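Welcome, and take a moment to look over the sequence and the fold. The notes that follow pick out a few places worth finding for yourself.

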Amino acid sequence: MQTALSSKGQPKVVNRWLVIFGTALVQLGVGTFYAWSIFNTPILKMFHQLVIDPATGKTAAVQPHLGSVSLIFSIGALSLSLSTIFVGALVKKFGVRKVTMSAGILFGIAIFIASRVSSIDQLWLYYLSAGVMLGVADGIAYMATLSNAIKWFPEKTGLISGISVAFYGLGSFVFKYIDSAVLGTNIVHNLPYALMTWGFLSMLLIVGGAFFIHDAPEAKEENVVDDPTHHEFTTREMLRKPQAYLLFIALLTISLSVYLTGIASNLGTNLAGLDIAQATNIVAVVAIANTIGRFLIGSLSDKFGRKSMFILSYVVTFIAVATLAFSSHLSVSAFYAAMIAVGFFFGGTITVYPTMVGDYFGLKNHSQNYSLIYQGFGFGSLAGAVILSLAGGNLSVVFNIYLVMLVVSLLIWIFIKKPVYKK
């Protein structure tokens with residue numbers, strides 16, 4: 001139990017673990033956003049952009065609409081990342097519960113609008129609803145509840161961040177099966193029902209979870225006088241420190257793993273000769289590894305230190321990516337091991353990052369500060385696709401650039417030190 005202020009400014013006793021329970025529900029709801037790719041095929045078929053390739057007899061997507069449809073999620077991911085910049089100001093003015101509930105309602109409205117699209121002439125409506133609106137709602141609810149949860153447990157920031165971010169990852173894993181079940185075999189006819197089911201359940205999780213959430217008490221300088229290096233940095237003060245930009249670069253680097261895990265099935269068929277069923281399995285296996293990594297690495301970082309976990313994560317990721325890059329043909333076991341390592345340590349890294357920012361720059365302004373560094377995730381998630389496009393589809397270029405960036409980031413983690421505040 002801990003004391004917080006009510007909406008009327010009166011002190012009240014709050015069970016911190018109920019706040020974490022509510023946070024987990026919200027994160028589970030907003031994490032479903034990453035299951036969006038399951039709707040690409042129904043949308044293409046609805047737009048009559050899936051045809052039979054006469055050469056192979058297989059179903060193929062017609063260009064340019066494959067790229068146009070996949071752009072929906074890219075717009076959403078960028079909107080998610082950018083929206084987090086405004087979370088701190090919103091929470092400060094309205095409180096975390098109202099902000100989260102509003103984001104949950106916007107989440108549901110966005111998906112409902114998307115469920116009304118019925119022709120390719122309305123593709124722009126997907127960009128607005130499932131792209132901009134859904135991304136904004138997702139980013140606001142994600143960042144508001146994550147930062148608030150960490151503030152409630154300043155002595156267990158790694159564990160709490162691990163729980164929160166793990167449920168965020170779990171959302172997409174669970175809802176892939178729910179969405180698939182509702183889509184069934186008649187995927188075009190059932191697409192509106194699948195979208196509405198997803199929207200309703202996600203909104204229920206987000207709004208329902210928000211009822212358990214309370215604003216955390218503000219961090220105070222006098223609580224940390226035993227640590228002379230500690231200072232609650234404002235965002236302006238943080239941006240004057242090189243550590244902020246080094247953390248941004250390192251986060252952008254590891255976020256390239258998002259692209260690799262996103263094309264895991266394609267890598268499986270190309271590098272390890274997996275059949276379609278095996279390639280589908282690797283997606284589920286990587287998702288599980290990602291979730292376990294979020295729980296485990298977050299907890300271990302409290303015990304062994306953030307830098308130690310980051311150095312371990314980037315070293316193993318380098319080995320895994322090098323294995324994928326320099327092997328013309330991998331055994332199935334080697335491929336699985338490499339992809340599991342990429343998923344596991346990306347999950348762990350993205351979990352520990354919020355706590356690292358809190359360790360370096362304080363918790364008082366955590367939402368504002370972390371949201372800026374978090375932009376590295378948004379740009380890093382898109383970097384793989386951009387690099388591949390510029391390289392004319394040569395995947396080895398993506399691997400080589402990623403390996404160089406991992407070496408640079410490893411040097412960052414080895415030499416970076418906690419910033420010192422100077423008046």
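## A buried arginine and its partners

R306 is buried, with a relative accessible area of 11% (buried means under 20% relative accessible area, exposed over 50%, partly exposed in between, with a 1.4 Å probe and protein chains only). Before going on, please note that this is a predicted model, where local features need pLDDT of at least 70, side-chain atom pairs count only at pLDDT 80 or more, and totals for chains, interfaces and linings use all residues. Residues are numbered from 1 along each chain as its sequence is written, and side-chain values use heavy atoms, with hydrogens and water left out.

Which residues join R306 in a network of salt bridges? They are D302 and D359. A salt bridge here is a side-chain nitrogen of Lys or Arg within 4 Å of a carboxyl oxygen of Asp or Glu, and by this rule the count comes to three. Here they are:

| Acidic residue | Arginine | Closest N and O atoms |
|---|---|---|
| D302 | R306 | 2.8 Å |
| D359 | R306 | 2.7 Å |
| E155 | R16 | 3.2 Å |

The pair of D359 and R306 links distant parts of the chain, with D359 in helix 15 (residues 332–361) and R306 in helix 14 (residues 306–325), 53 residues apart. Helices (H or I, at least four residues) and strands (E, at least two) are DSSP runs, numbered from the N terminus. D302 is partly exposed at 31% relative accessible area, and D359 is partly exposed at 27%.

The salt bridge of E155 and R16 also links distant parts of the chain: E155 sits in the loop between helix 6 (123–152) and helix 7 (157–183), while R16 belongs to helix 1 (residues 16–30), 139 residues away. E155 counts as partly exposed at 46% relative accessibility, whereas R16 is buried at 16%.

## Two helices side by side

Now find helix 5 (residues 96–115) and helix 8 (residues 187–210), which pack at an angle of about 175 degrees with their axes 8 Å apart. Axes are lines fitted to C-alpha atoms, for helices over the stretch in contact, and angles run from 0 to 180 degrees between N-to-C directions. That angle makes helix 5 roughly antiparallel to helix 8 (the term is used for angles over 145 degrees). Residues making the contact (heavy atoms within 4.5 Å) include G104, F107 and G108 of helix 5 and L195, W198 and G199 of helix 8.

## Aromatic rings

The structure holds 28 aromatic pairs. Rings of Phe, Tyr and Trp (its six-membered ring) pair if their centres lie within 6.5 Å; planes under 30 degrees apart count as stacked, over 60 as edge-to-face and the rest as tilted.

The rings of F107 and W198 have centres 6.1 Å apart and planes at 90 degrees, so this pair is edge-to-face. F107 lies in helix 5 and W198 in helix 8, so the pair ties together parts 91 residues apart in sequence. Both F107 and W198 are buried.

F310 and W413 form a stacked pair, with 4.1 Å from centre to centre and 10 degrees between the planes. F310 is in helix 14 and W413 in helix 18 (residues 395–415), 103 residues apart. F310 is buried, and so is W413.

One aromatic cluster includes F33, Y34 and F73, with Y370 and Y374 also among its members.

Notes
Angles under 35 degrees count as roughly parallel, over 145 as roughly antiparallel, 65 to 115 as roughly perpendicular and the rest as oblique.
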